[in-house]
Amino acid sequence: MVWWRRNAPYDPPTMHSHRSGPGAGRSRDACSERLWQQQRRRQHVHQRHGGGRWRRGAASGKTIDVALKDFSIAVASTGSLAPGTYTFHVTNNGPSSHNLTVTGPGVSDKATPTFAAGGTMDLTVTLKHGTYDLFCSVPSHKQLGMDTHLTV
């Protein structure tokens, strides 16, 4: 042993684990490597599925484009939808300010703020089986035709 090792007040542990069980006999480097690989796998899955905030067990949601204009609502989905979490990507193509309000089973007047022409907003809603009413809640806009239905 080298003289400075003999005189050292602290002798670091050896590279071999003192534990028993699944990790016994592995070096600290091998354990560190295994943990690093697990973290990389998690990051890869996270990046592959869209990044953003890590949500364990949460539905990722599907995006539905909605176009608002004076005085109509065009929803890009065709037919009925499966129950789940959806994000409505709302674009205001009209000259007036509009919003999108959703009501139906389990959803009570969930809405985007009223926003100006040319703007976009996102509204995330969890839909169950049933029929939903999508409309603009700006006074008189619903009566003028900004009202549509969506079946889940």
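Which residue forms a salt bridge with Asp133, and how far apart are the closest N and O atoms?

1. This note concerns a predicted model, and the question above is taken up again in the last two points, after the strands have been described.

2. Four strands make up an open sheet, in which the order is β2-β1-β3-β6 and the pairing is mixed. Because β2 and β6 (120-127) stand at the edges and each has a single partner strand, one side of each is left without a neighbour in the sheet. From one strand to the next, the twist averages 25 degrees.

3. Strand β1, which covers residues 62-69, pairs with strand β2, residues 72-75, in the antiparallel sense over four bridges, and the two are joined by a hairpin that runs through two residues. With strand β3, residues 84-92, β1 pairs in the parallel sense, over seven bridges.

4. Leu68 is a useful residue to find when following these pairings, since it stands opposite Ile73 in β2 and also stands opposite Asn92 in β3.

5. To return to the opening question, the partner of Asp133 is Lys142, and the closest N and O atoms of this salt bridge are 3.1 Å apart. That distance lies within the 4 Å that the definition of a salt bridge allows, and the count for the model comes to one salt bridge. Side chains of opposite charge can pair when their charged atoms come close.

6. As for the surroundings of the two partners, Asp133 has a relative accessible area of 12% and is therefore buried, the cut-off being under 20%, whereas Lys142, at 30% relative accessibility, counts as partly exposed.

Definitions and conventions: Residues are numbered from 1 along each chain as its sequence is written. This is a predicted model: local features need pLDDT of at least 70, side-chain atom pairs count only at pLDDT 80 or more; totals for chains, interfaces and linings use all residues. Side-chain values use heavy atoms; hydrogens and water are left out. Two strands pair if DSSP finds at least two bridges between them. Axes are lines fitted to C-alpha atoms, for helices over the stretch in contact, and angles run from 0 to 180 degrees between N-to-C directions. A salt bridge is a side-chain nitrogen of Lys or Arg within 4 Å of a carboxyl oxygen of Asp or Glu. Buried means under 20% relative accessible area, exposed over 50%, partly exposed in between (1.4 Å probe, protein chains only).
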